[in-house]
Amino acid sequence: MSDDVLTMSSDTRAKREAVIQFMEDHIYPSEGALQQGGDEAEALMASLQAKTKELGLWAPHLPAEAGGMGIGFLPYAYLNEVIGRSTAAPRAFGSQAPDSGNAEVLHQYGTPEQKEKWLAPLVNGDIRSCFSMTEPAVSGADPTGLQTTAVREGDEWVINGRKWFSSGAVGSSFAVVMCVTDPDQPPHSRMSQVLVPTDTPGFSIEREVAVWGDAHSNHPIVRYDNVRVPVTNLLGEQGAGFKIAQRRLGPGRIHHCMRALGQAQRAFDLMCQHSLKREAFGGPLADKQTMQNWVADSLVNIQAARLLTMQAARKIDQGDEARMEVSAIKFFVVNVTCDVIDKAIQVHGALGVTADTPLQAMYKGARTLRIADGPDEVHRMVVARHALRTYRQGETWDFAAD
Ligand SMILES: Cc1cc2nc3c(=O)[nH]c(=O)nc-3n(C[C@H](O)[C@H](O)[C@H](O)COP(=O)(O)OP(=O)(O)OC[C@H]3O[C@@H](n4cnc5c(N)ncnc54)[C@H](O)[C@@H]3O)c2cc1C
C-alpha cells in the first residue's frame with residue numbers, strides 16, 4: 001500500500017514511529033537545555049544531529065541525491081507533523097527553515113559549483129543560511145515593490161539595499177538575496193536571486209529586531225552597501241527571482257503548516273491531559289460542558305486542517321504547484337493552531353501564560369505565522385480569486401475535483 005491522504009504506507013508508518021520515539025527519548029528532554037543557547041546548547045544540538053543521521057532520519061524534505069531521506073512530499077508531511085511538535089526538533093532533523101527552502105532551491109536551480117560550495121555543507125548541517133527578501137520600507141505582502149538592486153559591473157553584481165526579517169542571518173554563512181536586476185521589465189520579471197556570502201565586505205547586520213520581546217530573535221535588519229559578488233553567484237536565470245521564490249514558498253508554506261499541525265497536536269494533548277487532572281467546582285475540568293466543546297471543536301478542526309494539508313502535499317508530489325491549496329492551508333491551518341493553543345492556555349488558567357508550560361511560546365510562534373510567508377488576507381485573496389474565476393467563466397466550483 002502506498003501513501004495517500006488518508007493512509008500511510010507501512011514504510012512511512014515505521015519511519016513516523018521512529019521519529020515519535022526520537023522526540024520522546026531525545027527532543028522533549030533536551031528542550032530546556034537547548035533554549036539556554038550558548039556553546040553547551042550547540043554541542044547538544046550537534047549530538048542530536050549526529051543521532052538522527054545515524055538513524056537515517058536526516059533531511060526528510062530532500063531527495064536522496066541532495067543528501068536527504070528521499071521519501072517524497074506526502075510521506076514527509078506525515079513525519080513533519082510530528083517533528084513540528086517541538087520548535088527545537090527541525091534543526092535536529094536537518095529540516096530547519098530557512099535552510100530547508102534554500103537547500104531545495106539550490107538543488108533545483110544551483111550550478112554544479114554552487115551546489116558543491118553551498119548545498120553540500122548546508123545539507124550536512126555544517127553551515128546555516130538565510131533568505132533575504134522582505135524590506136522594512138515597502139510591503140512584503142506585495143514584493144513587486146522591493147527596492148534592493150543588483151547592478152552588473154564587469155564580472156560582478158553590485159548590491160545595495162536594506163532588508164529585514166532575514167531570519168537566521170546572524171550566524172549564517174550566506175544569504176539568498178532578492179534583488180531588482182531588470183527594472184524595465186514587467187513587475188514579475190524584474191528580480192533575480194543572488195547568493196551572497198555573509199563575510200563579503202558591505203554585508204552587515206544593522207541591528208537585531210526584538211520579536212515578542214526577544215531581543216535575539218534573529219530576524220535582523222541587514223544592510224547591503226556596495227556588496228560585490230561574482231556574476232556566477234546568480235541563482236537560476238536573470239529575471240527569474242519571482243519564479244524561484246514561488247517554487248520555494250509553495251512547499252515552504254506546506255512545511256510551516258505541517259509544523260503548525262504538530263504544535264496544534266501538542267496543545268491538544270496538553271489541554272486534554274490538564275482538563276482531566278485539574279479539579280474545580282467538585283470535579284475535573286474535563287467534566288464541564290465548555291471544556292468538552294473545546295476538546296471536540298479542537299479535535300475536528302485539527303483533523304480537517306491535517307487532511308487539507310495532506311491533500312496539498314499530495315498535489316505537490318504529483319508535480320502540481322497547488323497554489324490554491326497552499327494558500328488555503330496557510331491561513332486555515334495556522335488559524336486552527338492559534339485557536340487550539342489559545343484554548344489550551346485558557347484551560348491551564350494562570351499556568352498557561354507562564355514559562356512552566358510551552359504554551360505561551362507556542363502561541364507567539366503560531367500567531368506570528370499568520371503574517372510570515374504572506375499574511376492571512378493575501379492567502380484568502382488567492383483562494384477567492386481561484387473560486388471566482390470559475391464562476392466568471394460561467395461554471396461552478398467542484399468540491400469533488402482533485
Ligand atoms: C517571524 C517572521 C519571519 C520571517 N522570515 C522572513 C525571512 O526569512 N525572509 C524574508 O524575506 N521575510 C521574512 N518575513 C517577512 C514576511 O514574509 C512578511 O512580514 C510578510 O510577507 C508581510 O509583509 P509585511 O510585514 O511587509 O506586511 P505588509 O505587506 O505591510 O502588510 C501589512 C498588513 O496589510 C494587510 N494586507 C496586505 N495585503 C493585503 C491585501 N491584499 N488584502 C487585505 N489586506 C492586506 C495584512 O493584514 C498585512 O498583515 C518574516 C516575517 C516574520 C513575522
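Two residues are taken to be in contact if their C-beta atoms, placed from the backbone, lie within 7 Å. In the predicted model described here, contacts of this kind between residues at least 6 apart in the sequence of the protein chain join, in 69% of cases, residues that are at least 24 apart. The chain is built from 11 helices and 10 strands. Its radius of gyration is 22 Å, close to the 21 Å that the globule rule gives for 402 residues, and the protein chain is therefore as compact as a globular protein of that length. Along the principal axes, the C-alpha trace spans about 80 × 65 × 45 Å, and 42% of the 402 residues count as buried.

The domain assignment divides the protein chain into domain 1, which covers residues 10-110, domain 2, which covers residues 129-235, and domain 3, which covers residues 243-392. The centres of domain 1 and domain 2, taken over C-alpha atoms, are separated by 27 Å, and between these two domains 7 residues of domain 1 are in contact with 7 residues of domain 2. On the side of domain 1 that touches domain 2, the residues comprise 3 nonpolar, 3 polar and 1 charged by class.

Within the chain, strand β1 comprises residues 129-132, and both of its faces are covered, since S129 and F131 on one side are buried, as are C130 and S132 on the other. Strand β1 pairs in the parallel sense with strand β4, which runs over residues 174-180, and the pairing involves 4 bridges. Across this pairing, S132 of the first strand stands opposite V177 in β4.

The ligand is surrounded by 21 residues, of which M133, S139, G140, A141 and E377 are the closest. The elements that contribute two or more residues to this shell are β1 and α11, the latter being the helix at residues 376-392. Of the elements concerned, α11 gives the most to the shell, with 3 residues. When the residues around the ligand are sorted by class, 10 are nonpolar, 9 are polar and 2 are charged. In terms of domains, the shell draws at least three residues from domain 2 and at least three from domain 3. Strand β1 thus appears in two parts of this description, as a strand with both faces covered and as one of the elements that give two or more residues to the shell around the ligand.

Notes: Residues numbered from 1 in each chain as written. Predicted model: local features only at pLDDT ≥ 70, side-chain atom pairs only at ≥ 80, totals over all residues. Buried ≥ 20, exposed ≤ 12 C-beta atoms within 10 Å, placed from the backbone. Pairing = 2+ DSSP bridges. Rg over C-alpha atoms; globule rule 2.2 N^0.38 Å. Near = placed C-beta within 6 Å. Nonpolar A, V, L, I, M, F, W, Y, C, P; charged D, E, K, R; others polar. Domains from an automatic or database assignment.
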